[in-house]
Amino acid sequence: MQVANGADVHVILEISAADITPESKESIQVRVKVPENLLNQDSSVIRTFWVVRNHEGVVEFLPTTFDSQTNTLTFETNKFSDYAIVYKDTKKAADETEKPSNTASGTSPQTGDSVRLLPWFVLMLISFGVAAASIVRIRRKRAK
């Protein structure tokens, strides 16, 4: 995991000294533009971003949404603290990079298994019939 960028969020309010708090009762939504040099330029990796908050010595990963259209990260917070953008690059699987779009062809996929299932289903139904007949026969004997 790479620490990409840090920010110290300050909110300046004119209030009395008794009302000063490093936290808010309600969450606010924060949107941060990701710098160009942090955007993924390598098509063989998937880059996942997070925002990390350090509030009074407690470090937390915040739920973060990355919008690739606007290159922004959006998260909610109720604490005014130190924040950092972190990311992790994960290599794409070989088949994931060359995978065509999923289209229905109307045929079953070839699994390499050529066993026909109909005879097995018939055998299963016959077995259930024999088991049911045996149970009925045993109950009739006990009833006599």
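Student: Why does N71 count as buried?

Tutor: The relative accessibility of N71 is 17%. Buried means under 20% relative accessible area, exposed over 50%, and partly exposed in between (1.4 Å probe, protein chains only); therefore N71 counts as buried. Please note that the model is predicted, with local features requiring pLDDT of at least 70, side-chain atom pairs counting only at pLDDT 80 or more, and totals for chains, interfaces and linings using all residues. Residues are numbered from 1 along each chain as its sequence is written, and side-chain values use heavy atoms, without hydrogens and water.

Student: Where does N71 lie, and what is notable about its phi?

Tutor: N71 lies in the loop between β5 (65–67) and β6 (72–79). Its phi is near 55 degrees, a positive value in a residue other than glycine. Most residues other than glycine have a negative phi.

Student: Which residue takes a positive phi in the hairpin of β3 and β4, and what makes that residue exposed rather than buried?

Tutor: The residue is E56, with phi near 50 degrees, in a hairpin with 2 residues between the strands. E56 is found in the loop between β3 and β4. Its relative accessible area is 63%, so E56 is exposed.

Student: How do you know that β3 and β4 pair?

Tutor: Two strands pair if DSSP finds at least two bridges between them. Here 5 bridges join β3 to strand β4 (residues 58–62), and the two run antiparallel. Within this arrangement, N54 stands opposite V59 in β4. The strands themselves are DSSP runs (E, at least two residues), as are helices (H or I, at least four), numbered from the N terminus.

Student: What makes the contact of D89 with R47 a salt bridge?

Tutor: The term requires a side-chain nitrogen of Lys or Arg within 4 Å of a carboxyl oxygen of Asp or Glu. The closest N and O atoms of D89 and R47 are 2.7 Å apart, so the pair meets the definition. It links distant parts of the chain: D89 belongs to strand β7 (residues 82–91) and R47 to strand β3 (residues 45–55), 42 residues apart. D89 is partly exposed at 35% relative accessible area, whereas R47 is buried at 19%.

Student: How many salt bridges does the structure hold, and which residue forms one with R53?

Tutor: The structure holds 2 salt bridges. E60 forms one with R53, the closest N and O atoms being 2.8 Å apart. E60 is partly exposed, with a relative accessible area of 29%, and R53 is buried, with 5%.

Student: How do you know that the span of helix α2 agrees with its number of residues?

Tutor: The expected span is 1.5 Å times one less than the number of residues. For the 26 residues of α2 (residues 118–143) this should be 38 Å, and the end C-alpha atoms are 38 Å apart, so the values agree.

Student: Why is α2 called hardly covered?

Tutor: The count of buried residues among its 26 residues is 0. One residue of α2 is L123, which is partly exposed at 45% relative accessible area. L123 also helps to make a nonpolar surface patch of about 880 Å², whose other residues include W120, F121 and F128.

Student: Which element has the lowest mean pLDDT, and which the highest?

Tutor: pLDDT is the predictor's confidence in each residue, from 0 to 100. Strand β1 (residues 2–8) has the lowest mean among the elements, 53, and α2 the highest, 90. The mean for the protein chain is 77, and 72% of its residues reach 70 or more. Where pLDDT is low, the predicted coordinates should not be read in detail.

Definitions and conventions: Patches are made of residues with over 30% relative accessible area and no salt bridge: like charges are joined within 9 Å, nonpolar side chains (Val, Leu, Ile, Met, Phe, Trp, Tyr) within 5 Å. Accessible areas come from the Shrake-Rupley method with a 1.4 Å probe; for residues, only the protein chains shown count as cover.
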